[in-house]
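Let's take a walk through a protein together, one stop at a time. Have the sequence and the 3D view ready, and pause whenever you would like to find a residue for yourself.

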Amino acid sequence: MKRLATALFCLASLAPLACSPGSSSNAEATAKSGAVPPSILLVTLDTTRADAVGYESKGPETPNLDALAARGLRFSQAYTTAPQTFPAHASMLTGLYPKDHGVRENGRTLQPEPPGREPLAELLAKGGYRTAAFVSGFPLAHGFGLASGFETYDDEFGAGKAERSAKATTDLALAYLQKNGPAADHPLFLWVHYYDPHDPYEPPEPFRSRYAKDPYLGEIAAMDHELGRLLADFETRSAATGWRAIMVGDHGEGRGEHGEAFHGHLLYQGTMRVPLVVAGSAGSAGLGPGTRDEPVSTRRVFDTIVAWAGLEAAGAEASLVSPKPEIVLGEAMMPFLDYGWQPQAMAIENRIKVIRSGVTEVYDLASDPHERTDLAGRAEPKREVRAALSDYLAKLPTSPTASDSSLSEEDRKRLASLGYVAGGDAPAALAPDAPNPKDRTELFRDLDLGSARFVREDYAGALAPLERVAAKDPNNASARLRLAVAWSILGKEGKAAEQFAAARRLRPDSLDLRAYEGLHLLRFGHEAQAAPLLASVLAADPGRLAVLEGLAAIREHEGNAPEAARLLEQVIGKKSAPGPELARLGLLRMATGDTPGALDAFERARSLEGDRFGHDLEMGVCYLSARRFVEARDALDRAIGRLPAGHPDLPMALFKRAEVAVLLHEPESAGHIRRAWERADATTRPLLERDTLFTRPNGS
Ligand SMILES: [Zn+2]
């Protein structure tokens, strides 16, 4: 942080560059534009293979990316750090590999300060940049932790939607630029993320027709069209500050290679090698035109941008503009985390790629770019490479922290709608017989299918694929747990119990397992057994919605209204429209004699529920006991208005209404009392007879 403090001091004195005379990027920036560093555009291209762009292959048409590559510096061997959206982006924005920033799969949360590095946007914001991000897919929603430091972080996908098109995102980014574009003394850092090439592949016209045979490439062509609009506008508006730009893929797509259709399971080139182009305004030193063929990690995006901003001398050394040769690393941990399979890491040095996943594979990328011939046994990787891999794999992912696993059900569904199903807890340890993911490709389809149906709540449909997985991979805890839950929801208590037992043998400490098993026991009426399980889950992770709801219901049945109310309050805090829960809370608070609390809950429920709100009678009773007669009258009138003749609540509503009429000295009170008598039942008749209000002179 000392370096940062120096950099900030320098910026404050408007002479940021004089402080670090050794930095070539600083010298370059000075030459270009004096004291103000350039505006910076980072565009991340989701699910874009390196060979799916026009400057590398014949098929796709990406004229805008090609033009940028032609005048900039392009990297033929750029590698993502992980084949999943969030961990890959977290690396670009922190400069760290996933083992160091800590997020190993989508759906986990980046902790505020990864050890050793401040997030990029925070550094730039402190360094005088305006910062804005426009992201297009839910895996990057602000709740997962990438938004810190961004003045603007736009992740509005629309109600229930989990992604938006490159066109929609570009429109928003252009509107932002028009309003807040870079000024001569005020550079901008703009990050735009495009999600289109992620499956399902549904490009807009005219790309849909043009790429009818390969809609994945159609998505990339459509994205490039939008990229062109963004680049042109950014370039024009940044004339005063000068500009730099990075276009980079977050990861690729398997497209069937090595048995992988999508991404996330394996570490082969199709998903790990990505397009990477850096470019800048005229006169930017070191930015091409040209091609660099040494392997580089996309985590260097961080260092490159830091160097361009003149913020941290260390950034310049690791910048992509003058990369030092290094062993490039990467990982794919989702199969380990979710299925208990081998953890996987890769190392690339020069032209040799080594994958370690229980066994070691070695490929010569120069002569064998599709990794068809495993050279293991014939070519021994260098000692440094082996050491780097061992070091990387020494720190296996562990169970998520409490905050990680507290995704709301809605958020889980949005992630799942994109094909991501963040599993539960990590295995406590690597099983000695853990399968190698590359030998289990025949299960990928059933795993994807089972998970997708499960999260769509098609439990009957999820059974067959999950049973096939469990038959071939009996130690797959995720499949066992999903089977257990599916059987439970389908009403098969015995079958569910079998699978819960199997899952418990595999993951005895799993919080997810305890949560689901507790809810299962509750579902079949075993509340006494369910309560301690659910309570223990909440002790470790207080944020789980379904568990809070389950335990609240149990406490209510036990007659423990204060504890039920306390749990329900937490449920309400986690829901976007908790109308029914607020109404239940009102009833619980009534039961504990908390009239003001009950009224507050009822009023909030009523404002959310509108005409569906069905507790006007209880509300009227509360207002009456709070001696707020006008509100009591209104609530009771609403209750009477919606209660049909013969409804069991009607006599009480009429009785209470008569009381209020008398207390308010309404001219019509006699009529209200008469109606209360006419409809009186066994409960209200004695009340009417006893009630002193009705013996007053203006009564009957
Ligand atoms: Zn992605």
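Does Glu-558 count as buried, partly exposed or exposed? With a relative accessibility of 47%, Glu-558 counts as partly exposed. Please keep in mind that you are looking at a predicted model. Glu-558 sits in the loop between α22 (545-557) and α23 (561-574). If you look for Glu-527, you will find that its C-alpha is 9.4 Å from that of Glu-558, although the two are 31 residues apart in sequence.

Now zoom out to the whole chain. The chain has 700 residues, and 56% of them count as buried. Along the chain you can find 30 helices and 15 strands. If you take the contacts between residues at least 6 apart in sequence, 66% of them join residues at least 24 apart.

Next, visit the metal. Which residues coordinate the zinc ion? Asp-46 appears twice in the list of donors through OD atoms, and Thr-85 (OG1), Asp-250 (OD) and His-251 (NE2) complete the list, at 2.0 to 2.7 Å. Written along the sequence, the spacing of these donor residues is D-x38-T-x164-D-H. Thr-85 belongs to helix α4 (residues 85-94), while Asp-250 is in the loop between β7 (243-249) and α10 (269-272), so this pair ties together parts that are 165 residues apart in sequence. Thr-85 counts as buried, because its relative accessibility is 0%. Asp-250 also has 0% relative accessibility and therefore counts as buried.

Close to Asp-250 in the sequence is strand β7, our next stop. All 7 of the 7 residues of β7 are buried, so the strand is largely enclosed by the rest of the structure. Trp-243, Ala-245, Met-247 and Gly-249 point one way from β7, whereas Arg-244, Ile-246 and Val-248 point the other way. Strands of a sheet pair through backbone hydrogen bonds, either parallel or antiparallel. You can see both kinds here. Strand β1 (residues 39-45) runs parallel to β7, with 7 bridges joining them, and Leu-42 stands opposite Ile-246 in β7. Strand β9 (residues 276-280) runs antiparallel to β7, and 5 bridges join these two. In this pairing, Met-247 has Val-277 in β9 as its bridge partner.

There is also an open sheet of 3 strands to find, with the order β8-β3-β11 and mixed pairing. Its edge strands are β8 (273-274) and β11, each of which pairs on one side only. Strand β3 (residues 78-79) and β8 run antiparallel and are joined by 2 bridges, with Ala-78 partnered by Val-274 in β8. In β11 (residues 296-297) you will meet Ser-297. Ser-297 is buried, because its relative accessible area is 0%. Leaving out residues up to four places away in sequence, Ser-297 touches Tyr-79, Thr-81, Tyr-97, Leu-320, Glu-326 and Val-328.

What about helices that pack together? Two packed helices are described by the angle between their axes and the distance between the axes. For helix α7 (residues 166-180) and helix α9 (residues 215-237), the angle is about 5 degrees and the axes are 9 Å apart. Angles under 35 degrees count as roughly parallel, so α7 and α9 are roughly parallel to each other. In this contact, residues of α7 including Ala-166, Leu-174 and Leu-177 meet residues of α9, among them Met-223, Leu-230 and Phe-234. The residues of the contact divide into 7 nonpolar, 2 polar and 6 charged.

Our last stop is the backbone. Most residues other than glycine have a negative phi, and most peptide bonds are trans. Thr-47, however, has a positive phi near 55 degrees. Thr-47 lies in the loop between β1 and α3 (63-71), and with a relative accessibility of 0% it counts as buried. Asn-350 is not a glycine either, and its phi is positive at about 60 degrees. Here the setting is the loop between β13 (344-349) and β14 (352-357), and Asn-350 counts as exposed, at 57% relative accessibility. Two peptide bonds also deserve a look. The bond between Glu-205 and Pro-206 is cis, with omega about 5 degrees, and the bond from Gly-288 to Pro-289 is cis too, with omega near 10 degrees.

Key: Residues numbered from 1 in each chain as written. Predicted model: local features only at pLDDT ≥ 70, side-chain atom pairs only at ≥ 80, totals over all residues. Heavy atoms only, no water. Donors = N, O, S within 2.8 Å, 3.2 Å for Na, K, Ca; no water. Helix = DSSP H or I, 4+ residues; strand = E, 2+ residues; numbered from the N terminus. Buried < 20%, exposed > 50% of the residue type's maximum accessible area, 1.4 Å probe, protein only. Contact = heavy atoms within 4.5 Å. Axes fitted to C-alpha atoms, helices over the stretch in contact; angles between N-to-C directions. Parallel < 35°, antiparallel > 145°, perpendicular 65-115°, else oblique. Nonpolar A, V, L, I, M, F, W, Y, C, P; charged D, E, K, R; others polar. Pairing = 2+ DSSP bridges.
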